[in-house]
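Work through these exercises with the sequence and the 3D view side by side. Try each task before you read its solution.

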Amino acid sequence: MAGVAPIQMDTFKLGFIGAGKMAESIAKGVVHSGIMTASRICTAPRSSGRCDAFESFGVKIFQSNRQVVEDSDVVIFSVKPQVVEGVVLELRPQLTKKKLLVSVAAGVKLKDLQEWAGHSRFIRVMPNTPAAVGKAATVMSLGNSATEEDGELIANLFGAIGKIWKADEKYFDAVTGLSGSGPAYIFLAIEALADGGVAAGLPRELARNLASQTYSLEVSAAWTSFEILTLVHLLQVLGAAEMSISTGKHPGQLKDEVASPGGTTIAGIHELEKGGFRGILINAVVSAAKRSKDLSAN
């Protein structure tokens, strides 16, 4: 990286290749945290709906990914793992060493990203969707030519939307299954607990609010006493609970926003459903309510 000036923390421009839910969560979280203004962020959505989503909080919109790269100092690839190779190769002529490249694509290794881009000023990051409410749990690993200053910049960027750790890339598959997909599992649990409350006689809105707040309170009391992967797990529980509370969205909708077609999250959800996860939680709430009623009758 000799001869390449470090990226200025207070003036750099950020571009997203891919304008899906994850990119929106990161961008929205960064803007809401105050670490950078929306006018310094850009993307090139492929649909009017995604364009509206980013324009709603001031992000600059371009017509092509090439324009996004040309306008940006830091480029975050937030596309599906199945298409990231083609996207990086298409943009390779614009991906000079002056630009810090970041990937949030699950399962795509740094050695491949670096080969496709033609250089190794790359950082692999695994965040999760609670970035939008400042409760992300994120892990990063630096490429061969990414400097310590590059790492600090990304740590500050993602640290503004939650907690971030640096870890060896060999742990990333486990991180993806835990914190990347984990919020969807928590939304599934919140939905099931709320259903159990309804089955026990509670109004729907009250049941959902109680289920969401229960997760938030449990994690707030517990998270400081565990090692790193447990911390990541508990933070993603807290983040998912915060999203359920603050967005007002149904947990089923939040779950669907994490579970992209053919991805890691839907594979994990499938296993939970095969094991009867929701039914078990609903039965637990109903049984506890019944026992409480029995005790009060004595």
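Five exercises follow, each with a worked solution.

This is a predicted model, in which local features need pLDDT of at least 70 and side-chain atom pairs count only at pLDDT 80 or more, while totals for chains, interfaces and linings use all residues. Residues are numbered from 1 along each chain as its sequence is written, and side-chain values use heavy atoms, with hydrogens and water left out.

**Exercise 1. The whole chain**

Task: Find how many helices and strands the protein chain has, and what share of its residues is buried.

Solution.
- Step 1. Start with the elements: the chain has 13 helices and 8 strands. Helices (H or I, at least four residues) and strands (E, at least two) are DSSP runs, numbered from the N terminus.
- Step 2. Turn to burial. Of the 298 residues in the chain, 47% are buried. Buried means under 20% relative accessible area, exposed over 50%, and partly exposed in between, with a 1.4 Å probe and protein chains only.
- Step 3. Look at contacts, meaning heavy atoms within 4.5 Å. Among contacts with a separation of 6 or more, 69% join residues 24 or more positions apart.

**Exercise 2. One face of a helix**

Task: List the buried residues of helix H2 and say what they pack against.

Solution.
- Step 1. Locate H2 at residues 48-55. Its buried residues are Arg-50, Cys-51, Ala-53 and Phe-54.
- Step 2. Look down the helix axis. The buried residues of H2 fall within an arc of 160°, so they line one face of the helix. The arc is taken over the directions from the helix axis to the C-beta atoms.
- Step 3. Recall the helix geometry. An α-helix has 3.6 residues a turn, so residues three or four places apart point the same way.
- Step 4. Find the neighbours. The buried residues of H2 pack against H1, strand S2 (41-43) and strand S3 (60-61).

**Exercise 3. Salt bridges**

Task: Trace the salt bridges of Glu-24, then the one between Asp-71 and Lys-13.

Solution.
- Step 1. Set the rule: a salt bridge is a side-chain nitrogen of Lys or Arg within 4 Å of a carboxyl oxygen of Asp or Glu. The whole structure has 14 of them.
- Step 2. Pair Glu-24 with Lys-28: their side chains form a salt bridge of 3.1 Å, N to O. Both residues lie in helix H1, 4 residues apart, about one turn of the helix. Lys-28 is partly exposed, at 24% relative accessibility.
- Step 3. Pair Glu-24 with Arg-50: the closest N and O atoms of this salt bridge are 2.6 Å apart. This pair links distant parts of the chain, with Arg-50 in helix H2 and Glu-24 in helix H1, 26 residues apart. Both Arg-50 and Glu-24 are buried.
- Step 4. Move to Asp-71 and Lys-13, whose side chains meet in a salt bridge of 3.7 Å, N to O. Asp-71 is in helix H3 (residues 65-71) and Lys-13 in the segment before strand S1 (14-17), 58 residues apart. Lys-13 is partly exposed, at 32% relative accessibility.

**Exercise 4. The largest pocket**

Task: Describe the space and the lining of the largest pocket.

Solution.
- Step 1. Define it. On a 1 Å grid over the protein atoms alone, a pocket is an open set of points where a 1.4 Å probe fits, with protein on both sides within 12 Å along at least five of seven lines; lining residues have an atom within 4 Å of a point.
- Step 2. Give the space: about 1000 Å³. A volume is the space filled by probe spheres set on the points, and grid points are joined across faces, edges and corners.
- Step 3. Describe the lining. It has 42 residues, and Gly-20, Ser-78, Val-79, Lys-80 and Ser-260 lie nearest the centre.
- Step 4. Sort the lining: 18 nonpolar, 18 polar and 6 charged. Ala, Val, Leu, Ile, Met, Phe, Trp, Tyr, Cys and Pro count as nonpolar, Asp, Glu, Lys and Arg as charged, and the others, Gly among them, as polar.
- Step 5. Name helices that supply at least two lining residues each: H1 (21-33), H7 (172-180), H11 (251-258) and H12 (264-274).

**Exercise 5. Two residues up close**

Task: Place Thr-176 and Ala-167, and find their contacts beyond neighbours within four places in sequence.

Solution.
- Step 1. Thr-176 is in helix H7. Thr-176 is buried, with a relative accessible area of 5%.
- Step 2. Leaving those neighbours aside, Thr-176 touches Ala-106, Met-126, Ser-181 and Thr-264.
- Step 3. Ala-167 sits in the loop between strand S8 (162-166) and H7. With the same neighbours set aside, Ala-167 is in contact with Val-139, Met-140, Ser-141 and Phe-172.
- Step 4. Ala-167 and Ser-141 are 26 residues apart along the chain, and their C-alpha atoms are 5.7 Å apart.
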